[in-house]
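This report describes the architecture of a single protein chain, beginning with its overall fold and proceeding to its strands, turns and charged side chains.

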Amino acid sequence: MCSHQPPCPSADSPDHNAARIVASHPEQGWSLLCNGLVIFDDTGELLPDGRVVEPRRPALV
């Protein structure tokens, strides 16, 4: 999906959030990365295969 040089990390790599933003909708709280990942302002993610990554929340002490 990525045509950048060097290519962006794939959606299944550990650094997948480092991919370039291809569509940004801050008014709705999400952005689409060139590797097909949708990232949300609350740190949640939607992977290209439809799996959901829950938001990362700090532990309550």
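## Basis of the assignment

Helices and strands are taken here as DSSP runs, of at least four residues for a helix (H or I) and at least two for a strand (E), numbered from the N terminus. On this basis, the protein chain has 0 helices and 5 strands. The model is a predicted one.

## Overall dimensions and surface

The protein chain comprises 61 residues, of which 30% count as buried. Its C-alpha trace spans about 45 × 25 × 20 Å along the principal axes. The accessible surface amounts to about 4,500 Å², and carbon and sulfur atoms contribute 58% of that area.

Where contacts join residues at least 6 apart in sequence, 16% of them link residues at least 24 apart. The protein chain carries 4 positive and 8 negative charges, and the mean positions of these two sets are 3 Å apart.

## Sheet topology

Read from the N terminus, the elements follow the pattern β-β-β-β-β. The 5 strands build an open sheet in the order β1-β2-β3-β4-β5, with antiparallel pairing. Its edge strands are β1 (21-25) and β5, each of which pairs on one side only. Strands of a sheet pair through backbone hydrogen bonds, in either a parallel or an antiparallel arrangement.

## The β1-β2 hairpin

Strand β1 pairs with strand β2 (residues 30-33) in the antiparallel sense through 4 bridges. The two strands form a hairpin with 4 residues between them, and G29 in the turn has a positive phi of about 85°. Two of the cross-strand positions may be named: I21 stands opposite L33 in β2, and H25 stands opposite W30 in β2.

V22 belongs to strand β1. Leaving aside residues up to four places away in sequence, V22 touches L32, L33 and C34. The C-alpha atoms of V22 and N35 are 9.3 Å apart in space, with the two residues 13 apart in sequence.

## From β2 to β4

Strand β2 has two faces: S31 and L33 lie on the covered one, whereas W30 and L32 lie on the uncovered one. In a regular strand the side chains alternate between the two faces of the sheet.

On its way to β3, the chain makes a further hairpin, again with 4 residues between the strands, β2 and β3; G36 in this turn has a positive phi of about 90°. Here the antiparallel pairing of β2 and β3 rests on 3 bridges, and S31 has I39 of β3 as its bridge partner.

Strand β3 (residues 38-40) and β4 run antiparallel and are joined by 2 bridges. I39 takes part in this pairing too, with E45 in β4 as its bridge partner. The loop between β3 and β4 contains T43. Phi of T43 is near 80°, a positive value in a residue other than glycine. T43 is partly exposed, with a relative accessible area of 30%.

## Salt bridges

Side chains of opposite charge can pair when their charged atoms come close. The structure holds 2 salt bridges. In one, R56 pairs with E45, with the closest N and O atoms 3.7 Å apart. Because R56 lies in the segment after β5 (52-53) and E45 in strand β4 (residues 45-46), this salt bridge ties together parts that are 11 residues apart in sequence. E45 is buried, with a relative accessible area of 4%; the threshold for this class is under 20%.

The other salt bridge joins D49 to R51, where the closest N and O atoms are 2.7 Å apart. D49 is exposed, with a relative accessible area of 52%, the cut-off for that class being over 50%.

## The segment before the sheet

D12 lies in the segment before β1. D12 is exposed, with a relative accessible area of 68%. Between the C-alpha atoms of D12 and F40 the separation is 17 Å, the two residues being 28 apart along the chain.

Note on methods:
Residues are numbered from 1 along each chain as its sequence is written. This is a predicted model: local features need pLDDT of at least 70, side-chain atom pairs count only at pLDDT 80 or more; totals for chains, interfaces and linings use all residues. Side-chain values use heavy atoms; hydrogens and water are left out. A salt bridge is a side-chain nitrogen of Lys or Arg within 4 Å of a carboxyl oxygen of Asp or Glu. Buried means under 20% relative accessible area, exposed over 50%, partly exposed in between (1.4 Å probe, protein chains only). Two strands pair if DSSP finds at least two bridges between them. Contact means heavy atoms within 4.5 Å. Accessible areas come from the Shrake-Rupley method with a 1.4 Å probe; for residues, only the protein chains shown count as cover. Lys and Arg count as positive and Asp and Glu as negative; His and the chain ends are not counted. The place of a charge is taken as NZ of Lys, CZ of Arg, CG of Asp or CD of Glu.
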